[in-house]
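User: I have a structure open and would like to go through its pockets and some helix packing. Can you take my questions as they come?

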Amino acid sequence: MKYALSASQMKSLDQMTIQEIGIESLVLMERAALGVVEEIKKHVTLKDRILVVCGSGNNGGDGFAVARILLAQGHSVDAMFVGSMAKMTLECKKQMQIAVKMGLSMRTELLFSEYNIIVDGIFGIGLDRPVHGEFANVIERINEQKESAFVIAIDIPSGISADTGQKLDYAVKADVTVTFQEMKRGLLLYPGAEYAGNIIVKDVGIMPYQFNDQEVVYRYYEPEDIHRLLPKRMDYSNKGSYGKVLIVAGSDTITGAAYLSAMSAYRMGTGLVKILTAASIIPILRTQLPEALFVCYDGKNASQEIENAVKWASAIVIGPGLSMSEQAKLVFTKVCDLVKKTMTPMVMDADALNILSEQIDQESKCKEKRLCLIKERVPANTILTPHLLEFSRLTLETVHKIPSILIDITEECTYNSELTYVLKDTRTIVASKNLRYINRSGNNGMATGGSGDVLTGIIAALLAEGLNREEAATLGVYLHGLAGDYARKKLGAYSMLARDIIEALSEVLMNYERRKL
């Protein structure tokens, strides 16, 4: 597990390293510059012409140091300063003076097209205002060279918010971003992730991040985290050892969602899966998935059948393909009332979220009141998995606005709440009272019908196998994305189906078992 820090968190680490450890700022700057040069050298020859564009802050100081080191190594390097000399930090001024004494050429008027390597050192992670004037002009000129020049950003592409990933009117579009010590949130969130290109994290000697229980820290996973989190299989065990998942899904006209959710729960390793669905589609589902157990929610003894099924389950999925019928709404209410008593962990998705939205619509159009109503109506220990449109219905925020207020709105949703949100997007966010997670796995081939149903089954299986809701949500999202990446390598993004993600999940888990052996 690694951290994705905000600008203020990273600045705090810098200051503690300088003041408490005693490493000088110029020493850290030199290490940062060496890290950037190391990456530049992978893309440059002595025949290339390099332009380093520097601002007046410490990011610009990094840039001057990069230019000086490359010049000393025999490369053809020019530097361009953007901004006000009067606003230069002491470190930036010192690095510029050293570089000029070493023979660095400072250019004011130039043709960007003369250079095939451009290094962006204009703004660092502290930028929090729109880019305009001279800065906007220079950034546009850099971006105009994208077809002919390789662009490397220092720490973060200039014009991208380190906290939110939003573009501050103008931003450099880099091929590679070399960031220092810890990942920045804005490099993982879109559009920042797109503008950053390939992200390299360099250790420059800043002290490790240490957080307290009251501080919100975003995290992300890498493959080695699977070993730490995945529930263990025991030699002495049986099907009851790995939990029982109840899938409350499907309706008279929708069968696929229930199948995909149930099948993915089985592939994730749960011992037993029971599908609670409409009587009319049980014969179809039995043919598709003979391993599952079945019960109907619309028979003569429906109320008792639902109650028995909820009491049987170790974890519950509700919503995929359930429809918005009156019968579905009754089932939704019945299950939620029962789960409030049993405290069974539950994953709420698709039509369950739409029914919930409709119910709170009848009581309030006020955003703050709606969030309170969600907390009241949804059983504690539930994971909600909305995509942007479903989240928009719940919160009444517009779909287009949500990405720009993602950090703030997840804070509001999880404040004083025992719920976990899995906000599905290109970069899925998992948020609860004690956790913030940004998912890096997955690809655009997963933008296909049924992909979300697969995710619900994966998360529910992890819940049934003993993970808490935060662990199940984060690991489930990560494994779902990894399976999507495996499927894309095999089939390509255009041809992927949700069932391919389930099949690839087996490969992901098999590779984990091989490494374990």
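The chat below covers pockets and then helix contacts.

User: Before we start, what kind of model is this?
Analyst: This is a predicted model.

User: OK, pockets. What is the volume of the largest pocket?
Analyst: The largest pocket has a volume of about 900 Å³. It is lined by 33 residues, and those closest to its centre are Gly-57, Asn-58, Asn-59, Gly-124 and Ile-125.

User: Which helices supply at least two residues each to that lining?
Analyst: Helix H1 (7-21), helix H2 (25-40) and helix H3 (58-72) each do. H1 gives the most, with five residues.

User: And how do the lining residues of the largest pocket divide by class?
Analyst: There are 14 nonpolar, 12 polar and seven charged residues in that lining.

User: Now the second largest pocket. How much space lies in there?
Analyst: About 730 Å³. Its lining has 29 residues, with Lys-424, Asp-425, Met-446, Ala-447 and Ser-451 the closest to the centre.

User: What about classes for the second largest pocket?
Analyst: The lining of the second largest pocket divides into six nonpolar, 15 polar and eight charged residues.

User: Which helices each supply at least two residues there?
Analyst: Helix H17 (451-464) and helix H18 (469-491).

User: Let's stay with H17. At what angle does it pack with H9?
Analyst: H9 (residues 256-267) and H17 pack at about 35°, and their axes are 7 Å apart. The crossing is right-handed.

User: Which residues meet between H9 and H17?
Analyst: From H9, Ala-257, Leu-260, Ser-261, Ser-264 and Ala-265. On the H17 side they meet Asp-453, Val-454, Thr-456, Gly-457, Ile-458 and Ala-461. By class, that contact has six nonpolar, four polar and one charged residues.

User: Different pair: how do H13 and H15 cross?
Analyst: The axes of H13 (residues 351-361) and H15 (residues 388-395) come within 8 Å and cross at roughly 20°. Angles under 35 degrees count as roughly parallel, so H13 is roughly parallel to H15.

User: Is that crossing left-handed or right-handed?
Analyst: H13 passes H15 in a left-handed crossing.

User: Which residues are involved there?
Analyst: Leu-353, Asn-354, Leu-356, Ser-357 and Ile-360 in H13 meet Glu-390, Arg-393 and Leu-394 in H15. The contact has four nonpolar, two polar and two charged residues.

Technical notes. Residues are numbered from 1 along each chain as its sequence is written. This is a predicted model: local features need pLDDT of at least 70, side-chain atom pairs count only at pLDDT 80 or more; totals for chains, interfaces and linings use all residues. Side-chain values use heavy atoms; hydrogens and water are left out. Axes are lines fitted to C-alpha atoms, for helices over the stretch in contact, and angles run from 0 to 180 degrees between N-to-C directions. Helices (H or I, at least four residues) and strands (E, at least two) are DSSP runs, numbered from the N terminus. Angles under 35 degrees count as roughly parallel, over 145 as roughly antiparallel, 65 to 115 as roughly perpendicular and the rest as oblique. A crossing is left-handed if the near helix is turned anticlockwise from the far one by less than a right angle, and right-handed if clockwise. Contact means heavy atoms within 4.5 Å. Ala, Val, Leu, Ile, Met, Phe, Trp, Tyr, Cys and Pro count as nonpolar, Asp, Glu, Lys and Arg as charged, and the others, Gly among them, as polar. On a 1 Å grid over the protein atoms alone, a cavity is a set of points where a 1.4 Å probe fits but cannot get out, and a pocket is an open set with protein on both sides within 12 Å along at least five of seven lines; lining residues have an atom within 4 Å of a point. Grid points are joined across faces, edges and corners, and a volume is the space filled by probe spheres set on the points.
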